[in-house]
Amino acid sequence: SDLAFARIELNEAWYRRLTENRRVIAAQLDAMAELMDSWCRAEKCIDKKRRLRLSRVYVYTKEAGIQVENAHIYENARQQVCIKADVCTKIDGGIEISKYVQAVSRAMGVKLRQAHGTVSIISDERTSIVLYEENQFYALSGVATKKKTGSQANGDSCSMFQLDDGMYHVCVSDGMGSGKQAQAESTLVVDLLEKLLEAGFSRESALKLMNSAMVISAGEEAYSPVDFATIDMYTGELELAKTGAAPSFIKSGKKVSVIENESLPAGVDAWQESKHSKNTLQSGDFLVMVTDGVLEYLHVKDRQGKLMDIIAGVKSDNAGVMAQEILDRVLLDTGGYAMDDMTVVAIGIWEK
């Protein structure tokens with residue numbers, strides 16, 4: 001009878017695992033469907049609406065000694081434009097890409113910027129070049145970290161990067177526990193999100209796929225709180241998605257506000273949703289993101305209020321200095337001991 005009950009228990013465990021895997025696959029297919037839908041709605045060609053400007057592109061670039069073919073104007077869902085064209089020059093030694101950007105900007109009547117990874121010199125070899133409408137804002141970030149006292153490695157990981165669409169992404173992951181295993185888990189989360197976004201997945205789809213990947217390895221207890229911020233460098237709009245992460249803060253002058261959403265860490269449930277919040281940043285505002293270790297061991301009853309006071313007291317407008325000063329003041333309160341891995345990320349935006 002004991003053997004029969006053991007078999008029933010094993011079958012039940014396998015059935016639960018099979019059901020969970022089906023849910024994971026369904027979540028991944030759902031994310032892929034969202035990707036295809038976003039691709040269909042991503043950009044539309046507006047050559048017919050901008051015929052005059054398109055003809056000016058050919059004229060102004062020719063005056064600059066640049067030959068342009070197959071030029072097309074596109075507009076995204078946020079109504080920003082981009083210009084895609086095949087470009088070359090017959091001038092010996094080539095022409096700097098800045099001359100092409102200036103000519104097309106003048107033709108379009110709007111300031112443009114080149115895509116990341118674009119060649120610096122236009123030569124006689126024809127190459128495809130993409131120009132995007134220039135951002136209104138730019139961002140500078142700083143990071144301060146402290147590994148758990150006695151630990152071999154910091155289990156927190158973070159990444160900051162801007163894509164050609166003008167969206168600035170910040171990801172902070174707090175690996176479960178501390179040490180090299182926690183570091184490996186948090187690094188995996190950060191790298192996966194970055195690669196998915198670079199591949200063209202939307203923020204929501206990237207989070208779903210990352211979460212389902214963590215669920216698959218949940219048998220190894222691979223859970224990670226994830227703090228994921230996206231700042232639109234055209235409008236200053238901030239969208240913050242939290243998956244079991246610590247509160248974040250917005251510093252505007254001397255005023256500090258808090259953003260907090262309670263949710264489970266990534267990897268717990270294939271269908272769990274990240275908690276989203278939206279705010280609008282102005283020039284000179286800062287977003288401060290922290291991991292749990294920064295808040296949990298402050299020796300006061302109102303830890304969140306204490307950290308808000310610390311952030312408000314920082315006078316520097318340098319993001320790196322701000323992050324380090326916040327961490328130093330927290331460590332001053334804890335007597336210099338880090339009972340958990342600590343990470344502070346500060347991101348400031350300014351008008352160009």
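User: Taking buried as under 20% relative accessible area, exposed as over 50% and partly exposed as in between (1.4 Å probe, protein chains only), what share of the 352 residues in the chain is buried?

Analyst: Buried residues make up 46% of the chain. Please keep in mind that this is a predicted model, in which local features need a pLDDT of at least 70 and side-chain atom pairs count only at pLDDT 80 or more, whereas totals for chains, interfaces and linings use all residues. Residues are numbered from 1 along each chain as its sequence is written, and side-chain values use heavy atoms, with hydrogens and water left out.

User: Where is the confidence lowest, and where is it highest?

Analyst: On the pLDDT scale, which is the predictor's confidence in each residue from 0 to 100, the chain averages 84, and 81% of the residues score at least 70. Helices and strands here are DSSP runs numbered from the N terminus (H or I of at least four residues for helices, E of at least two for strands), and on that basis confidence is lowest in helix H1, residues 2–42, with a mean of 60, and highest in strand E16, residues 286–290, at 97.

User: How many helices and strands is that in total?

Analyst: The chain has eight helices and 17 strands. As for contacts, meaning heavy atoms within 4.5 Å, residues 24 or more positions apart account for 68% of those with a separation of 6 or more.

User: Let's look at H2. What span should its 13 residues have?

Analyst: The expected span is 1.5 Å times one less than the number of residues, which gives 18 Å for helix H2 (residues 51–63), and this agrees with the 19 Å between its end C-alpha atoms.

User: Which residues of H2 are buried, and which are exposed on the other side?

Analyst: Leu54, Val57 and Thr61 are the buried residues of H2. They lie on the same side of H2, because they cover an arc of only 40° around the axis, the arc being that of the directions from the helix axis to the C-beta atoms. On the other side of H2, Arg51, Leu52, Lys62 and Glu63 are exposed.

User: Why would a spacing like that put residues on one side?

Analyst: An α-helix has 3.6 residues a turn, so residues three or four places apart point the same way. In this model, the cover over the buried residues of H2 includes strand E2 (67–76) and helix H3 (97–108).

User: Which residues have a positive phi around there?

Analyst: Gly65, just after H2, takes a positive phi of about 85°. Asn70, a residue other than glycine, also has a positive phi, near 55°; Asn70 is placed in strand E2 and is partly exposed, at a relative accessible area of 48%.

User: Switching to charges, how many salt bridges does the structure hold?

Analyst: There are eight, where a salt bridge is a side-chain nitrogen of Lys or Arg within 4 Å of a carboxyl oxygen of Asp or Glu. One of them joins Lys242 and Asp227, whose closest N and O atoms are 2.8 Å apart. Lys242 sits in strand E12 (residues 237–243) and Asp227 in strand E11 (residues 226–232), so the pair ties together parts that are 15 residues apart in sequence. Lys242 counts as buried at 0% relative accessibility, and Asp227 is buried as well, at 1%.

User: Which residues are joined into a network by shared partners?

Analyst: Salt bridges that share partners join Arg113, Glu134 and Lys352 into one network. Within that group, the closest N and O atoms of Arg113 and Glu134 are 3.7 Å apart. This pair links distant parts of the chain, with Arg113 in strand E5 (residues 112–114) and Glu134, 21 residues away, in the loop between strand E7 (127–133) and strand E8 (137–146).

User: And Arg203 with Glu204: buried or exposed?

Analyst: Arg203 counts as buried at 14% relative accessibility, whereas Glu204 counts as partly exposed at 33%. The closest N and O atoms of their salt bridge are 3.6 Å apart.

User: Last topic: how many aromatic pairs are there?

Analyst: The count comes to two, with rings of Phe, Tyr and Trp (its six-membered ring) paired if their centres lie within 6.5 Å, and planes under 30 degrees apart called stacked, over 60 edge-to-face and the rest tilted. Phe286 and Trp350 have ring centres 5.5 Å apart and planes at 85°, so that pair is edge-to-face. Phe286 in strand E16 and Trp350 in strand E17 (residues 342–351) are 64 residues apart, and both are buried. Ring pairs link Tyr138, Phe286 and Trp350 into a cluster.
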